[in-house]
Amino acid sequence: MNALNYVYSHAPIPGGGYVSGFAFDPGDPELLYCRTDIGGTYRFSRTDRRWYSLNEHVGMEDLSETFPIALDASEGVLYIACGDGRSAPWNAGPDYEAAPCGRLCISEDGGKSFRYEEMPCYIHGNLSGRGTGKRLVRAASGRLYFASQRDGLLIRETDGSWKKREICGERFLTFVWLSPDEKVIVAGTAGISLRKGERRSHSLYYSTDGGKSFAPLAEPSDPSDGRFAGYAAHRCASDDRYLYVSINCNASFAYAGWMAYSCDGGGLRDGRVIRYALSEDGHIQDPASFEDITPEYKGKEIPFGFGGISCSPDRPGFLLSASICDYSGDTLWVSYDYGNSWQRALHDLDTGRLNIHTSYLKAENHGGHSPLHWMSAAELNPHDADELWINSGTGVFLGTDMTKDTRSFSDCCEGIEETVHLNLYSPPAGDVLLIDILGDLGGFAFRDLTKPCDNSFADENNNRYITCLNADYPDADPSLIVVTARGNWTGLTKGGMILSRDNAGSWERLPLPYGFSEELDRLCAGIEKPNVNPGWAAISADGKTLIFTVVDGLKLWRRNCVRYMISDRQYSAVRLPEDNAEAPAAMKVYADRTDPRYFYGFGENSRLYVSDDGGQSFRELPSPLPAGIDFSMVDCADKTEVRGDSGFFGRFYLALEKHGLWLLEYDRDSDAFSARRLSAEGDTVFRCGLGILKAPYIGSPKMIYICAILGGHYGFYRSADEGKSWQLLNDEKQRFGEVNSIEGDSRVFGRFFIASGSFGVLYGEEQRGD
C-alpha cells in the first residue's frame, strides 16, 4: 500500500463549541492553553493571535485526549487530565460503579509531544462537571491534586504513584484549592454521595492536615425543597486576603438529574459568590463563617447561577465574576475592593463594548442579542490584569483594558474548530461546494472553502436553526435541498424539515405531519420546542417527493414514516409491513439517485426495504448484509455511513465498522438485493464517501474514500478500483479525532472532506511535487 502526501485545511467555522477552561503558566507570560469539551486542548500564539490544536494526532481507536476535563501549566510543564468515559454509559446515575478510564497527558515542550500515564479514576471531559474547576493543581512540591468526577480527591506523588483521599464520603468533586504550604485543602463537591432523598448534601469541605482528614466548610443554605435542592460549589479563586467561591443550586429544569450541577446540565438558580478570609500564611481564618459578596443580588432570590471567578496577583483587590444560565443575558462584574462593591462590565449589548468578528456569532444572527453564555471559566491573565479570557458555549472571547473604564470585548476564536459535524454532502453542480450538517450550530453551505460562512441555516429574519441531522437533494437539481433541523434555544425558530430552492440561500420551514397517530402528534409537538431532534428526510430523484421519518430521541421507528408532496404541501401515510408490538421495527430512508419511484429503507439488524411507488409503500426484502447492523440511529449514535452512487440505479456503498466496506445493489428485475464486501476480512471501516474519478461525476465510476483500519493501520484511504487497492492519505499527526462522515469532492479530483466530531470540518488535497 503506497502513501500519498496530503495536506489538510479547515473549512473554517470558527469556534462553535464549549470552551470549558483555561490554563496560564505563572512563570511564562507567553503560555496560554484552553480546554474544550469535545475538541481537545489548544495553545494560543500571541504572535499571530491564533489557537493551535495539540491533539490532531488522535484517531478513532482512542479518543481520550479529545475530552479534557482539567489542565495545569506550571514551570513549563503542561498537564492534561482527560478521558472518554468508556467504562460507563453516558447517562450513568450516581450509584453506577464506573471503572477507571482516566489519562494524564504530560508535555514539556508546549504540547508538541506528550507522555502518558493512566489515572485511577473515571473521567469524561464532555459530561457532568466539565464546567467546574479548577480540578487539577500542581503544588510547589511537585505533587498533583485532582478533583475527580466520581472518585474523590486523587494526589499524584512526585514518584508518579497515586493516592486517594476520603472527603467525608463525598466522591463527586468540582474543584480543589491548596494553601501555599499544602496543609490546607478545600474541595468543592456536588453533594451527591451523601444526598438525602432529593436533596443534595453539603458541598464544601476543608482539610488542615494535607488531606488526611476533612470537615465541612461553612456555606450558604438552600431553604427550598424542590428536586436536587441544595448548593454545589462551582469555581474558586484566591488572592492575598480571600478565597472566593461561586456556588449554585439547580433550577427546576435539570435534565441531567443529580449530575446537573453545572451550567451544562440544565438551569441554575440562587447563585452566590462567597469569600473566606485568609491568614498571612494562606490558611482559612474561620472555617465556620463566610461572607456573601454576590454582585447586586446579595441576600435576594436569583434566577441564575455564578460561574467564572478570577482575581489578579498583580492588582490586589481586583476581582471578576460571571453569571451563568441567566436567560435574560449573562453578566460580567468587576470589583476593585475584594468584592465589597461591584460594577457591571458586560451585559448583552447594553453594557460594555462587544465587537464580534465571526459572522454567525453576530447579534443580528442571535435575535439581536449577545451570543455569550456558559461563562463558567472567565480568567484574568495573571501577568496582566487588563487582559481577560472568557470561555463560552460557542468559543473564546477576549476582554481588554479590564481595569479601566475603556474596557472592550471581542471574539477570539481563530484556529479553534471544535464543532461536532455529523454529515457532509458535495453537490455536483451550483455555487455551493460543501453542505455541512453539524451539531449545535445547524448547518453551513460553503461557497468558498477558505472563508467562514456568513451564517448557518436560518429563517428570513436571520434566526438560526440549530443541530441538523441530514440533508438531501436531487442530483439533477442540487439547488433544491431538504434539511432536518432543530429549532433554536430561544424558540425563534422551530424544528422539522426546512427546504431551500436556491442553493441554501434561503429556507422555508415545512409543516409537521400532525394527525396520523397519537405518537406522531406527540413527537411533532416536541419538535416545535427548542433543541429537539426532528428526524430524517429523503428527496426523490425528480425533487417532487419527500419521505420524512420523525425521530423518537435517536431512533427512527418505521411507524413514524410519512410522505410529503412538495407541490401540494400535503402529507400522506406510508403503507408499511405490519409491526410486531413487542419488537417494533425501525427504518432510515434513502432515495434512489436516478429513479424517482424508488426509495430504500435501512433498518435495525441489517433489515432492508424497498419502495417502487414513490414512497407510498415499502416492503421488506431479504438482506444479504452481515447480521446485527443498526442503520436506524441518528446524530452521533449512527455508527454507519450509507452513500448512494450518483447516476446509478439502486447502488449504495456502506461503511459498517467492524464488518468493513460493502457495495449493496438492488435489481428491479429480480426484486432482490445483492452485496459484496469491498474491504478485506477483519478490516474496520468507520465512514465512506464518493468523489470524482473522471468526468462526468454523475454516471461515472467514483473514487472511494474511507476512514478505516486496514491491515491494522488506522487512517484515511482512497481507492480508484472498487477497493482492490488502497492509498493512504495521512500521516500519524493527521488523524483528527472522531470522524462522523467522509465525503469525496464531486468536482475536484483527489479532494475529500472529513466531518470531525472533534476538530471541525476539514478537506484533504494531494500535494504533488513539481
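Okay, let's start from the outside: the accessible surface of this protein comes to about 27600 Å², and 48% of that belongs to carbon and sulfur atoms. Keep in mind that this is a predicted model.

Now the overall build. What does the secondary structure come to? We have 1 helix and 57 strands, so get ready for a lot of β labels. Along the principal axes, the C-alpha trace spans about 90 × 60 × 50 Å. For 770 residues, a compact globule would have a radius of gyration near 27 Å, and this protein has 27 Å, which agrees. On the inside, buried residues make up 64% of the 770. And if you take contacts between residues at least 6 apart in sequence, 55% of them join residues at least 24 apart.

Let's go into the middle. In soluble globular proteins, nonpolar side chains tend to be buried together. Here, the largest nonpolar core has 36 residues, and the ones touching the most other members are Leu320, Leu332, Leu388, Ile390, Phe409, Phe444 and Phe446. Several strands give two or more residues to this core, including β24 (319–324), β25 (331–335), β34 (442–446) and β57 (761–766). Which strand gives the largest share? That's β29, with 3 residues.

Take Leu320 as an example. Leaving out residues up to four places away in sequence, Leu320 touches a whole crowd, among them Ile309, Leu332, Trp333, Val334, Leu380, Leu388 and Met402. Apart from this core lies another one, of 31 residues, and Met60, Val396, Tyr705 and Ile742 are among them.

Next, the helix. Helix α1 covers residues 518–527, and its buried residues are Glu519, Leu520, Leu523, Cys524, Gly526 and Ile527. Where do they sit around the helix? Looking down the axis of α1, the buried residues fall within an arc of 155 degrees, so they line one face. What covers them includes three strands: β37 (496–500), β40 (545–550) and β41 (561–565).

Now a hairpin. Strand β47, residues 641–644, pairs with strand β48, residues 651–655, in the antiparallel sense, over 4 bridges. One pairing you can look up: Arg643 has Tyr653 in β48 as its bridge partner. Between the two strands there are 6 residues, and in this hairpin Gly647 takes a positive phi near 90 degrees.

Let me finish with two single residues.

The first is Val7, which is in strand β2, residues 6–10. Is Val7 buried or exposed? Neither, really: buried would mean under 20% relative accessible area and exposed over 50%, so Val7, at 32%, is partly exposed. Now look along the chain. Val7 and Asn730 are 723 residues apart, yet 8.1 Å separates their C-alpha atoms. Not counting residues up to four places away in sequence, Val7 touches Gln734, Tyr763, Gly764, Glu765 and Gln767.

The second is Gly367, in the loop between β27 (353–355) and β28 (379–381). With 33% relative accessibility, Gly367 also counts as partly exposed. How far apart in space are Gly367 and Ala377? They're 10 residues apart in sequence and 25 Å apart from C-alpha to C-alpha. Setting aside neighbours within four places in sequence, Gly367 is in contact with Asn463 and Leu492.

That's my tour. Thanks for listening!

Key
Residues are numbered from 1 along each chain as its sequence is written. This is a predicted model: local features need pLDDT of at least 70, side-chain atom pairs count only at pLDDT 80 or more; totals for chains, interfaces and linings use all residues. Side-chain values use heavy atoms; hydrogens and water are left out. Buried means under 20% relative accessible area, exposed over 50%, partly exposed in between (1.4 Å probe, protein chains only). Contact means heavy atoms within 4.5 Å. The arc is that of the directions from the helix axis to the C-beta atoms. Two strands pair if DSSP finds at least two bridges between them. The radius of gyration is taken over C-alpha atoms; the globule rule is 2.2 Å times the number of residues to the power 0.38. Accessible areas come from the Shrake-Rupley method with a 1.4 Å probe; for residues, only the protein chains shown count as cover. A nonpolar core is a set of buried Ala, Val, Leu, Ile, Met, Phe, Trp, Tyr and Cys residues joined through side-chain atoms within 4.5 Å.
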